[in-house]
Amino acid sequence: MSTYSKITNDELLLQHCLRKNKTTDRDQALVYGRLSGFLDNSNKITPSGANLVKFLKFDLAHERVG
């Protein structure tokens, strides 16, 4: 996986957590991500988080087309 792809995945997941929390506080979003199982204790994407990112990317692609 390229560095660009990893940054994109991390940012997509963080944006999702920010939207779910209805906040702009990145620390709260990280806590939400850990509690939801999307991030581990060192804020790395878990397998569950990786699956969510795939769906988020699919949703973004769908928005661009339609």
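The talk below walks through a predicted model of one protein chain.

Biologist: Before we dig in, what ground rules apply here?

Modeller: It's a predicted model, so local features need pLDDT of at least 70, side-chain atom pairs count only at pLDDT 80 or more, and totals for chains, interfaces and linings use all residues. Residues are numbered from 1 along each chain as its sequence is written, and side-chain values use heavy atoms, with hydrogens and water left out.

Biologist: Okay, which pattern does the chain follow along its sequence?

Modeller: Helices (DSSP runs of H or I, at least four residues) and strands (E, at least two) are numbered from the N terminus. This chain has three helices and zero strands. Reading along, you get α-α-α.

Biologist: In which helix is confidence highest?

Modeller: pLDDT is the predictor's confidence in each residue, from 0 to 100. The chain averages 89, and 86% of the residues score at least 70. Confidence is lowest in helix H3 (residues 47-65), with a mean of 85, and the highest mean is 97, in H2.

Biologist: What share of the 66 residues is buried?

Modeller: We sort residues by relative accessible area: buried is under 20%, exposed is over 50%, and partly exposed sits in between (1.4 Å probe, protein chains only). Of the 66 residues, the buried share is 24%.

Biologist: Which helix supplies the largest share of the largest nonpolar core?

Modeller: A nonpolar core is a set of buried Ala, Val, Leu, Ile, Met, Phe, Trp, Tyr and Cys residues joined through side-chain atoms within 4.5 Å. The largest one here has seven residues: Leu 12, Leu 13, Phe 38, Leu 39, Leu 52, Val 53 and Leu 56. H1 and H3 each supply at least two of them. The largest share, three residues, comes from H3.

Biologist: Which residues does Val 53 touch, leaving out those up to four places away in sequence?

Modeller: Touching here is a contact, with heavy atoms within 4.5 Å. Val 53 belongs to the core we just listed. With residues up to four places away left out, Val 53 touches Asn 9, Leu 12, Leu 13 and Ile 45.

Biologist: Now His 16: is it buried or exposed?

Modeller: His 16 sits in helix H1. Leaving out residues up to four places away in sequence, His 16 touches Phe 38, Leu 52 and Leu 56. Its relative accessible area is 11%, so His 16 counts as buried.

Biologist: Which two residues meet in a salt bridge?

Modeller: The rule asks for a side-chain nitrogen of Lys or Arg within 4 Å of a carboxyl oxygen of Asp or Glu, and by that rule the count is one. One partner is in helix H2 and the other in helix H1 (residues 3-21), so the pair ties together parts that are 15 residues apart in sequence. Arg 26 is partly exposed at 42%, and so is Glu 11 at 33%. The N to O distance is 3.5 Å, and the two residues are Arg 26 and Glu 11.

Biologist: Which residue caps the N-terminal end of H2?

Modeller: Helix H2 covers residues 26-35. A side-chain oxygen of the capping residue lies 2.9 Å from the backbone nitrogen of Asp 27. That residue is Asp 25.

Biologist: What is phi for Lys 22?

Modeller: Most residues other than glycine have a negative phi. Lys 22 is in the loop between H1 and H2 and is exposed, at 77% relative accessible area. Although Lys 22 is not a glycine, its phi is positive, about 55°.

Biologist: And what about phi for Asn 43?

Modeller: Asn 43 lies in the loop between H2 and H3 and counts as partly exposed, at 32% relative accessibility. Asn 43 is also a residue other than glycine with a positive phi, near 60°.

Biologist: Last one: how is Thr 46 separated from Arg 34, C-alpha to C-alpha?

Modeller: Thr 46 is in the loop between H2 and H3, and at 16% relative accessibility it counts as buried. Not counting residues up to four places away in sequence, Thr 46 touches Gly 37, Phe 38, Leu 39 and Asp 40. Thr 46 and Arg 34 are twelve residues apart along the chain, and their C-alpha atoms are separated by 9.3 Å.

How values were computed. Polar contact = N/O pair within 3.5 Å; in protein donor to acceptor, adjacent residues only side chain to side chain.
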